[in-house]
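Dear colleague,

I am handing over the structure below, together with an account of what was found in it. Please look through the sequence and the model before reading on.

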Amino acid sequence: MNPKEQAEELAARTLEGTRERLDALAGLPTAEHVEVFDSLHRELSAVLGALDQGPAQQPPVS
């Protein structure tokens with residue numbers, strides 16, 4: 001897989017995981033939303049940083 005395909009795959013997995021976690025907010029008390037948002041912010045920042053660095057630096061997506 002070339003670097004562009006790897007980046008696209010990482011972006012797709014990240015987007016899917018993010019959507020799932022945001023959809024799950026409906027079942028959580030509002031007070032717990034902040035923790036989810038903070039976690040997503042850290043994860044998205046790491047993914048964007050990895051995409052800027054190139055394929056060798058990409059973190060796993062949970």
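**A buried leucine to start from**

Leu 10 is buried, because its relative accessible area is 1%, and buried here means under 20%. Please keep in mind throughout that this is a predicted model. Leu 10 is found in helix α1, which covers residues 3-23. Between Leu 10 and Leu 48 there are 9.9 Å in space, taken from C-alpha to C-alpha, although the two are 38 residues apart in sequence.

**The chain as a whole**

The secondary structure of the protein chain consists of two helices and zero strands. Of the 62 residues in the chain, 21% are buried, and the accessible surface comes to about 4,500 Å², with 55% of that belonging to carbon and sulfur atoms. If one takes the contacts between residues at least 6 apart in sequence, 43% of them join residues at least 24 apart.

**Helix α1**

The end C-alpha atoms of α1 are 30 Å apart, which agrees with the 30 Å that its 21 residues should span at 1.5 Å a residue. The buried residues in α1 are Leu 10, Thr 14, Gly 17 and Thr 18. Around the axis they cover an arc of only 105°, and therefore they sit on the same side of α1. A general point about helices helps in reading this pattern: an α-helix has 3.6 residues a turn, so residues three or four places apart point the same way. The buried residues of α1 pack against α2, whereas the face of α1 turned away from its buried side carries the exposed residues Lys 4, Arg 19 and Asp 23.

At the start of α1, a side-chain oxygen of Asn 2 comes to within 2.9 Å of the backbone nitrogen of Lys 4.

Thr 18, which also has its place in helix α1, deserves a paragraph of its own. Thr 18 counts as buried because its relative accessible area is 10%. A polar atom of the Thr 18 side chain lies 2.8 Å from the backbone oxygen of Thr 14. Leaving aside residues up to four places away in sequence, Thr 18 touches Leu 40 and Leu 44. For Thr 18 and Leu 44, which are 26 residues apart along the chain, the separation of the C-alpha atoms is 8.6 Å.

**Helix α2**

Helix α2 runs over residues 33-53, and its 21 residues reach 30 Å from the first C-alpha to the last, close to the 30 Å expected at 1.5 Å a residue. His 33, Val 36, Leu 40, Glu 43, Val 47 and Ala 50 are the buried residues in α2. Seen down the axis of α2, these buried residues fall within an arc of 125°, so they line one face of the helix. They pack against α1, while on the other side of α2 the residues Glu 35, His 41, Arg 42, Leu 48, Asp 52 and Gln 53 are exposed.

**The salt bridges**

How many salt bridges does the structure hold? It holds two, and they are described here in turn.

One salt bridge is formed by Glu 9 with Arg 13, whose closest N and O atoms are 3.9 Å apart. Both residues, Glu 9 and Arg 13, lie in helix α1, four residues apart, which is about one turn of the helix. Glu 9 counts as partly exposed because its relative accessibility is 35%, and Arg 13 likewise counts as partly exposed, at 37% relative accessibility.

The other is formed by Glu 43 with Arg 21, where the closest N and O atoms are 2.7 Å apart. This pair links distant parts of the chain, with Glu 43 in helix α2 and Arg 21 in helix α1, 22 residues apart. Are the two partners, Glu 43 and Arg 21, buried or partly exposed? Glu 43 counts as buried because its relative accessibility is 14%, whereas Arg 21, with a relative accessible area of 25%, is partly exposed.

When you open the model, I would suggest looking at the two helices together, since the buried residues of α1 pack against α2 and those of α2 pack against α1.

With best wishes

Methods: Residues numbered from 1 in each chain as written. Predicted model: local features only at pLDDT ≥ 70, side-chain atom pairs only at ≥ 80, totals over all residues. Heavy atoms only, no water. Buried < 20%, exposed > 50% of the residue type's maximum accessible area, 1.4 Å probe, protein only. Expected span 1.5 Å × (residues − 1). Arc of directions from axis to C-beta. Contact = heavy atoms within 4.5 Å. Areas by Shrake-Rupley, 256 points an atom, 1.4 Å probe, with all protein chains shown as cover. Salt bridge = Lys/Arg side-chain N within 4 Å of Asp/Glu carboxyl O. Polar contact = N/O pair within 3.5 Å; in protein donor to acceptor, adjacent residues only side chain to side chain.
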